[in-house]
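The following note sets out points on the structure shown below for a colleague's consideration.

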Amino acid sequence: MNNKGANTSDFNSELKLKGFKVYEVDGNAAGHSYSRKDFYKISMTSGKYVFHYADRTFETDETILFFGNPRIPYSCDVIKPTPDGYACLFTEDFLKLSDRTESLLQSPLFKIGGTPILTLSNAHKKSVGDIFQKMIAEQDSSYAHKDELIRNYLGLIIHEALKMQPPESNPKEKNAAQRITSVFLELLERQFPIESVEHPLRLRTAKDFASNLSVHVNHLNNSVKEITGKSTTSHITERIIHEAKALLQHTNWSIAEIAYALGFEYPTYFNNFFKKKTGQIPKSVRAVAL
């Protein structure tokens, strides 16, 4: 199935429903928009790009494989579009059905400080391209076990990439504390603004962020404190309070809905938290706004 020119809303609906989507890339097409908060991405493209991945920048002018992790902020500046290529998006739940597949998501391809971009030789370009074509063909087949087969194809691409990695695929940065702090702050900000009560705040504690960044919580706390002079919890608290005030002043959501959207189990927990940090109750902030 060729998705060039496909309707973006249809694309996103199918992606969310199935947890997986593979498609051909056309450098002349506008492309698809999707939430990077929710999906891993593997793409094979040619052309000239500048990738911003966490606090690092990669410039490419060859055929490359890119591995995107929804927990790590990234973006791409297109300098010279690719004439063709492939991409697939998938959720963690789609791939992570066993310890084996979970270990693939913990590989250096998807981790901070790892190797998210690999340059492909002509031979690798053909072999990886063949796997993408098989996934595209299987995606629209009526085979009862096609999801399992697609998972195997995904695993095969990841294994091929792992074999291509340089011996030292996870070098230490000059300032590890600065690197992890930068990524934490970007990941914190990426959760906002809260756009729907149905999609509440996911990461609310230092432990949540440490788990998502695959680092020990003490390492995260020490790094953030060293670089910013404030604790991880202070940064999270300040951002939640800022968002709470914005929701109280600029939406018609009930205080209970705002509480749930910000990850509080009960509105009373939110009320107590807000009063402790601001000296005001949420209702008073809304009254002033009105």
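**Notes on the loop serine and the sheet**

1. In this predicted model, the loop that connects helix H6 (176-190) and helix H7 (206-212) contains Ser196. The relative accessibility of Ser196 is 18%, and because buried means under 20% relative accessible area, Ser196 counts as buried.

2. Ser196 also takes part in a side-chain interaction: its side chain and that of Glu198 are joined by a polar contact of 2.6 Å.

3. Elsewhere, five strands form an open sheet with antiparallel pairing, in the order S1-S7-S2-S5-S8. Its edges are strand S1 (20-25) and strand S8 (117-119), each of which pairs on one side only. On average, neighbouring strands of the sheet are turned by 10° against each other, direction ignored.

4. The pairing at the S8 edge can be described in further detail. Three bridges link strand S5 (residues 64-68) to S8 in the antiparallel sense. Leu65 has Leu118 in S8 as its bridge partner.

5. Two helices should be considered together with the sheet. Helix H4 (residues 122-139) packs on the sheet and touches S1, strand S2 (40-45), S5 and strand S7 (85-90). The direction of H4 makes about 125° with that of S1.

6. Helix H5 (residues 146-164) likewise packs on the sheet, where it touches S1, S2, S5, S7 and S8. For H5, the angle is given relative to S5: the two directions make about 115°.

Conventions: Residues are numbered from 1 along each chain as its sequence is written. This is a predicted model: local features need pLDDT of at least 70, side-chain atom pairs count only at pLDDT 80 or more; totals for chains, interfaces and linings use all residues. Side-chain values use heavy atoms; hydrogens and water are left out. Two strands pair if DSSP finds at least two bridges between them. Helices (H or I, at least four residues) and strands (E, at least two) are DSSP runs, numbered from the N terminus. Axes are lines fitted to C-alpha atoms, for helices over the stretch in contact, and angles run from 0 to 180 degrees between N-to-C directions. Contact means heavy atoms within 4.5 Å. Buried means under 20% relative accessible area, exposed over 50%, partly exposed in between (1.4 Å probe, protein chains only). A polar contact is a pair of N or O atoms within 3.5 Å; within protein, one must be able to donate a hydrogen and the other to accept it, and residues adjacent in sequence count only if both atoms are side-chain atoms.
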